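Here are some exercises to work through with the structure in view. Try each task yourself before you read the solution.

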Amino acid sequence: MVRGFYLRFGEGVSEEANRRALALAEALLRAPPPGLLDAVPAYGVLYLEYDPRRLSRGRLLRLLKGLPQERAEEGRVVEIPVRYDGEDLPEVASRLGLSLEAVKALHQKPLYRVYALGFTPGFPFLAEVEPALRLPRKPHPRPRVPAHAVAVAGVQTGIYPLPSPGGWNLLGTSLVAVYDPHRETPFLLRPGDRVRFLEAEGPTPPEPRPLELLPEEPRLPALLVEEPGLLDLVVDGGRFLGGHLGLARSGPLDAPSARLANRLVGNGEGAPLLEFAYKGPVLTALRDLVAAFAGYGFVALLEGEEIPPGQSFLWPRGKTLRFRPRGPGVRGYLAVAGGLEVRPFLGSASPDLRGRIGRPLRAGDLLGLEALRPVRPGRAFPQRPLPEAFCLRLLPGPQFAGEAFRALCSGPFRVARADRVGVELSGPEVPGGEGLSEPTPLGGVQVPPSGRPLVLLADKGSLGGYAKPALVDPRDLWLLGQVRPGVEIRFTSGYNRE
């Protein structure tokens with residue numbers, strides 16, 4: 001269960017408010033209380049996410065009052081060389097009535113402050129852009145912005161560390177990588193640093209290579225990947241307390257199914273297991289295993305014999321397990337007793353695919369056990385059925401607006417795209433907008449000016465600047481892990497207006 005709230009120390013771009021937000025985040029992250037899931041600062045706001053089963057909102061607020069009210073210290077001054085060759089540079093100059101040289105000079109003039117890292121790992125939110133250079137974001141994000149792109153949006157400028165969707169105006173290319181998970185210090189910049197851009201020529205840095213999380217030689221070899229599915233990932237409970245660096249939460253999209261699979265084989269709730277979607281892998285056991293499958297949209301076949309979901313089973317050495325699509329749903333989870341062996345990165349074995357941390361499984365991969373756990377097969381627990389119609393409860397979002405909330409509840413919507421980042425919807429137009437980038441809550445319904453909602457899921461960016469008039473109730477988020485394109489979704493109000 002996830003809950004969250006915002007602390008606002010000021011409006012707009014305020015160094016004083018940002019220092020207060022950073023200081024409070026740093027104090028919390030030095031000694032996080034059990035149940036705190038994230039503390040993400042940005043500009044004059046701090047977003048706190050917590051598990052209400054372990055940490056009540058009241059107790060968290062009392063802890064905050066006891067922390068010293070300090071201001072974060074200033075950081076370093078870092079010079080970033082830029083080759084001004086951005087795709088939008090001519091259009092920016094034309095719209096502003098400036099020459100290309102004037103645009104470049106205006107962009108290099110300020111000594112920018114790093115107000116936050118977010119959106120993707122290491123993406124620096126820098127301000128303030130000169131007033132003559134300010135333009136709004138694109139009406140709808142591009143599907144792909146190249147790595148190292150330097151861009152502007154309103155009062156902000158920033159650097160895309162990795163290829164990703166994005167709606168900012170592209171001016172050029174950074175000639176240094178601001179993020180690389182292979183470096184001893186992956187993040188070149190930190191909040192509180194200052195940045196000066198300098199025009200330069202030179203080669204574009206290579207894109208960061210994926211950081212391998214699977215051990216090359218497992219200690220206890222258990223599974224051979226004969227054929228991969230469409231997206232097979234080893235996930236644990238998720239990467240917590242990393243949002244201030246721009247890291248995704250990751251973890252399972254359908255957390256109840258993942259918990260059920262682990263419970264069936266006697267593993268802890270967040271033990272690493274396999275998540276797959278749309279098409280499952282073909283796996284051969286390298287030793288006798290006790291395993292369990294949970295989820296929807298598949299039937300498991302062990303040497304042709306059907307294995308029902310919600311039941312642990314003996315998987316003998318040398319036998320092959322396949323998954324055949326069947327019924328509603330798209331995502332399944334396979335757990336083995338003892339858990340899967342994975343190397344953690346900043347506290348989690350889950351991949352952050354946009355951050356080049358981990359990767360999907362490939363043919364020939366060997367998966368090992370984290371530990372030998374003697375468990376008897378045959379344990380069974382009922383799996384809740386998928387509803388015939390996807391109807392999700394909505395709560396007010398950070399930019400709650402009655403008109404947008406009513407439009408979302410007017411439905412129906414259809415799923416235009418669904419992945420681990422989010423579920424994009426088509427249907428009634430929803431009033432949207434943009435503003436200063438701020439932390440994005442899990443389940444936030446993000447609506448850009450184009451009016452097409454996107455529900456943010458586990459691999460979302462940690463910061464974003466589009467309006468979020470609503471949140472999907474945390475109790476219903478698991479359903480979005482099981483929707484496919486074309487499925488109809490309806491929203492209903494999940495809060496009492498009184």
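**Exercise 1. Find the buried residues of helix H5, and say which strands they pack against.**

Solution. Step 1: keep in mind that this is a predicted model. Step 2: go along H5 and look for residues under 20% relative accessible area, the cut-off for buried. In H5 these are Ser-257, Ala-258, Leu-260, Ala-261, Asn-262 and Leu-264. Step 3: look at what these side chains face. The buried residues of H5 pack against strands E15 (273–277), E17 (289–295), E20 (311–315) and E22 (331–336). Step 4: follow the chain just past the helix, where Gly-266 has a positive phi of about 80°.

**Exercise 2. Decide whether Ser-257 is buried or exposed, and describe its surroundings.**

Solution. Step 1: place the residue. Ser-257 belongs to helix H5, which covers residues 255–264. Step 2: compare its accessibility with the cut-off. The relative accessible area of Ser-257 is 4%, so Ser-257 is buried. Step 3: look for a polar partner. The side chains of Ser-257 and Asp-254 make a polar contact of 2.7 Å. Step 4: set aside neighbours within four places in sequence. Ser-257 then has contacts with Ala-294, Gly-295, Tyr-296, Tyr-333 and Gln-383.

**Exercise 3. Do the same for Thr-173: in which strand is it found, and which side chain does it join in a polar contact?**

Solution. Step 1: Thr-173 sits in strand E11, residues 169–174. Step 2: with a relative accessible area of 11%, Thr-173 is buried. Step 3: its side chain is joined to that of Asp-85 by a polar contact of 2.9 Å. Step 4: beyond four places in sequence, the residues in contact with Thr-173 include Pro-81, Val-82, His-148 and Thr-204.

For contrast, turn to Glu-403 in helix H6 (residues 402–410). Its relative accessible area is 54%, so Glu-403 is exposed.

**Exercise 4. Describe how domain 2 and domain 3 meet.**

Solution. Step 1: find the bounds. The domain assignment gives 77–199 for domain 2 and 221–380 for domain 3. Step 2: take the distance between their C-alpha centres, which is 38 Å. Step 3: count the residues in contact: 15 from domain 2 and twelve from domain 3. Step 4: look at the area. The two domains bury about 1000 Å² between them, with 61% of it on carbon and sulfur atoms. The side of domain 2 that touches domain 3 has ten nonpolar residues, four polar and one charged. Step 5: check for specific pairs. Three residue pairs are in polar contact across this interface, while the count of salt bridges between the two domains is zero.

**Exercise 5. How many salt bridges are there in total, and which parts of the chain does the Arg-76 and Asp-193 pair link?**

Solution. Step 1: the count comes to 36 salt bridges. Step 2: in the pair formed by Arg-76 and Asp-193, the closest N and O atoms are 2.7 Å apart. Step 3: place both partners. Arg-76 is in the loop between helix H2 and strand E4, and Asp-193 is in the loop between E11 and strand E12, so this pair links distant parts of the chain, 117 residues apart. Step 4: compare their accessibility. Arg-76 is partly exposed at 43%, whereas Asp-193 is buried at 3%.

Conventions: Residues numbered from 1 in each chain as written. Predicted model: local features only at pLDDT ≥ 70, side-chain atom pairs only at ≥ 80, totals over all residues. Heavy atoms only, no water. Domains from an automatic or database assignment. Contact = heavy atoms within 4.5 Å. Buried area = accessible area lost by both parts, 1.4 Å probe. Salt bridge = Lys/Arg side-chain N within 4 Å of Asp/Glu carboxyl O. Polar contact = N/O pair within 3.5 Å; in protein donor to acceptor, adjacent residues only side chain to side chain. Nonpolar A, V, L, I, M, F, W, Y, C, P; charged D, E, K, R; others polar. Helix = DSSP H or I, 4+ residues; strand = E, 2+ residues; numbered from the N terminus. Buried < 20%, exposed > 50% of the residue type's maximum accessible area, 1.4 Å probe, protein only.
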